[in-house]
Amino acid sequence: MANEHIPYKIYLEEKEMPTAWYNLRADMKNKPAPLLNPGTHRPMRAQELSGVFCDELIRQELDNDTPYFEIPEEIRSFYKMYRPSPLVRAYCLEEKLQTPAKIYYKFEGNNTSGSHKLNSAIAQAYYAKKQGLKGVTTETGAGQWGTALSMACSYFGLDCKVYMVKCSYEQKPFRREVMRTYGASVTPSPSMETEVGRKILAEHPGTTGSLGCAISEAVEKAVTSQGYRYVLGSVLNQVLLHQSVIGLETKTALDKYGIKPDIITGCAGGGSNLGGLIAPFMGQKLRGEADYRFIAVEPASCPSFTRGVYAYDFCDTGMVCPLAKMYTLGSGFIPSPNHAGGLRYHGMSSILSQLYHDGLMEAVSVKQTEVFEAAEQFARVEGILPAPESSHAIRVAIDEALKCKETGEAKTIVFGLTGTGYFDMVAYEKFHNGEMSDYIPTDEELQQYAARLPKID
């Protein structure tokens with residue numbers, strides 16, 4: 001079955017691991033719009049962010065021009081526990097589909113957190129420890145980020161306070177217990193612990209929460225707790241910077257065998273894994289060195305790219321965070337609780353939003369049941385139970401491979417398999433029992449939220 005002398009799994013040696021993160025913004029002609037102060041509507045300065053984020057992370061967040069940031073030796077040593085991650089040729093899936101397409105996936109689930117999130121968690125925890133902080137606060141949706149951060153904080157001896165979206169907190173108790181095993185405190189959000197949480201509950205009794213709600217609580221907790229800072233697992237420029245290790249490893253592995261992908265695709269919630277995967281390839285495209293087709297895949301129940309508005313919006317539901325220019329559904333948007341994946345954020349990374357706005361990448365939305373059909377198909381032939389988030393990318397990879405079957409084109413498709421789905425069995429159970437629905441917000445619903453976007457001169 002294997003041919004062309006391409007192994008099933010392409011492993012890099014330790015010496016081939018990236019020694020620096022790649023800052024895609026350095027090659028962008030149109031830079032992502034700056035964060036704005038919610039009060040003055042002026043670009044945020046480093047000193048204004050210092051009460052929320054770690055100092056070094058602020059420097060990385062605001063730097064649009066430095067192409068590479070050296071990865072500290074302590075982080076590189078930690079990476080070696082689970083990196084380089086394998087790039088896998090999906091020979092079995094290709095045969096099952098009877099497609100001439102060549103399908104590869106970059107597998108990020110081979111660590112305790114079960115996802116790519118550890119790449120940035122360990123970096124953010126390192127800088128918090130280096131700054132002499134007591135601990136950090138954060139939010140988590142499906143739980144991958146909270147799990148990763150709790151592990152990273154445990155490694156550096158930091159306290160970790162996690163606000164977990166309430167519906168995920170209830171649906172995924174085992175993910176919650178992994179966080180507690182690593183010493184983190186986990187609170188369902190919105191909660192009565194914070195002023196903003198109490199306000200949200202008063203306005204929306206019985207709400208199942210959203211990432212926007214959890215972000216508000218985590219930020220409030222950080223700024224009101226001595227020796228704490230807030231850290232975020234997606235969306236921000238610094239996070240996409242850290243996640244560039246995914247794309248850098250992928251490109252090195254492909255280059256070893258002279259493989260040039262035609263299509264690169266990944267799931268998109270806030271943008272961390274997709275931004276990290278495409279970074280070096282997009283850099284080539286921006287510099288005119290090569291061309292690729294990039295496809296962002298998002299859930300139809302939370303379609304910020306495909307049905308959102310490109311505008312400045314609050315990063316959180318409580319409206320206490322800076323304003324970011326992004327494709328957004330509105331900071332008040334709360335996705336349907338039946339959505340099984342963690343792709344529940346109302347907006348999208350400013351970097352990816354700018355690239356999408358400039359026509360440099362595409363976006364599609366897919367229904368939940370179609371995602372789980374693809375997940376099950378992949379699991380049966382490739383032997384990995386994928387996370388619901390990753391399965392959005394699997395869905396589109398399969399769709400594109402089937403198009404190749406129709407046309408006879410032997411395109412090369414690369415997608416990000418961001419993690420495993422072994423903590424998502426409640427969702428798989430609902431799918432198998434026929435209890436999973438495909439809720440899609442109406443135009444009227446989305447218009448209500450869009451109408452509340454802040455007015456920026």
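Here is a walk through this protein chain, from its overall build down to one residue inside it. Keep in mind as you look around that this is a predicted model.

Let's start with the whole thing. The chain has 457 residues, and it is built from 19 helices and 15 strands. How much room does it take up? Along the principal axes, its C-alpha atoms fill a box of roughly 60 × 50 × 45 Å. A compact globule of 457 residues would have a radius of gyration near 23 Å, and the chain comes in at 20 Å, so the two agree.

Now think about what is inside and what is outside. Of the residues in the chain, 63% count as buried. The accessible surface adds up to about 17000 Å², and carbon and sulfur atoms account for 49% of that. There's also a nice way to see how the chain folds back on itself: take the contacts between residues at least 6 apart in sequence, and 76% of them join residues at least 24 apart.

Next, look for the empty spaces, beginning with the largest pocket. About 290 Å³ of space lies in there. Of the 18 residues lining the largest pocket, E203, H204, T317, M319 and G332 are the closest to its centre. Two elements, α9 (195–203) and β12 (309–314), give two or more residues to this lining, and α9 gives the most, with 4 residues. Sorted by class, the pocket lining has 8 nonpolar, 6 polar and 4 charged residues.

What about closed-off spaces? The structure holds 3 cavities of 30 Å³ or more. The largest cavity has a volume of about 380 Å³. Its lining takes in 31 residues, and the ones nearest the centre are K117, L211, S234, G342 and L343. Several elements each supply at least two residues of that lining: β6 (135–140), α6 (144–156), α10 (211–223), α13 (272–287) and α17 (388–407). As for the mix of residues, there are 10 nonpolar, 17 polar and 4 charged ones around the largest cavity.

The second largest cavity holds about 70 Å³ of space. Lining it are Y22, N23, L24, R25, N237, L240, L241, G275, A279 and I351. Here α11 (237–242) and α13 are the elements that give two or more residues, with α11 giving the most, at 3 residues. You may recognise α13, as it also supplies at least two residues to the lining of the largest cavity. By class, the lining of the second largest cavity divides into 6 nonpolar, 3 polar and 1 charged.

Let's finish by zooming in on one of those lining residues, L24. Where does L24 sit along the chain? You'll find it in the loop between β2 (20–22) and α1 (46–49). Is L24 buried or exposed? Its relative accessible area is 7%, so L24 is buried, given that the cut-off for buried is under 20%.

Which residues does L24 touch? Leaving out residues up to four places away in sequence, L24 touches A279, M282, G283, L286, I351 and L355. Two of these names, A279 and I351, should ring a bell, since they also line the second largest cavity. For a feel of how folding brings distant parts together, try L24 and K285: they are 261 residues apart in sequence, yet their C-alpha atoms are 11 Å apart in space.

Conventions: Residues are numbered from 1 along each chain as its sequence is written. This is a predicted model: local features need pLDDT of at least 70, side-chain atom pairs count only at pLDDT 80 or more; totals for chains, interfaces and linings use all residues. Side-chain values use heavy atoms; hydrogens and water are left out. On a 1 Å grid over the protein atoms alone, a cavity is a set of points where a 1.4 Å probe fits but cannot get out, and a pocket is an open set with protein on both sides within 12 Å along at least five of seven lines; lining residues have an atom within 4 Å of a point. Grid points are joined across faces, edges and corners, and a volume is the space filled by probe spheres set on the points. Ala, Val, Leu, Ile, Met, Phe, Trp, Tyr, Cys and Pro count as nonpolar, Asp, Glu, Lys and Arg as charged, and the others, Gly among them, as polar. The radius of gyration is taken over C-alpha atoms; the globule rule is 2.2 Å times the number of residues to the power 0.38. Buried means under 20% relative accessible area, exposed over 50%, partly exposed in between (1.4 Å probe, protein chains only). Contact means heavy atoms within 4.5 Å. Accessible areas come from the Shrake-Rupley method with a 1.4 Å probe; for residues, only the protein chains shown count as cover.
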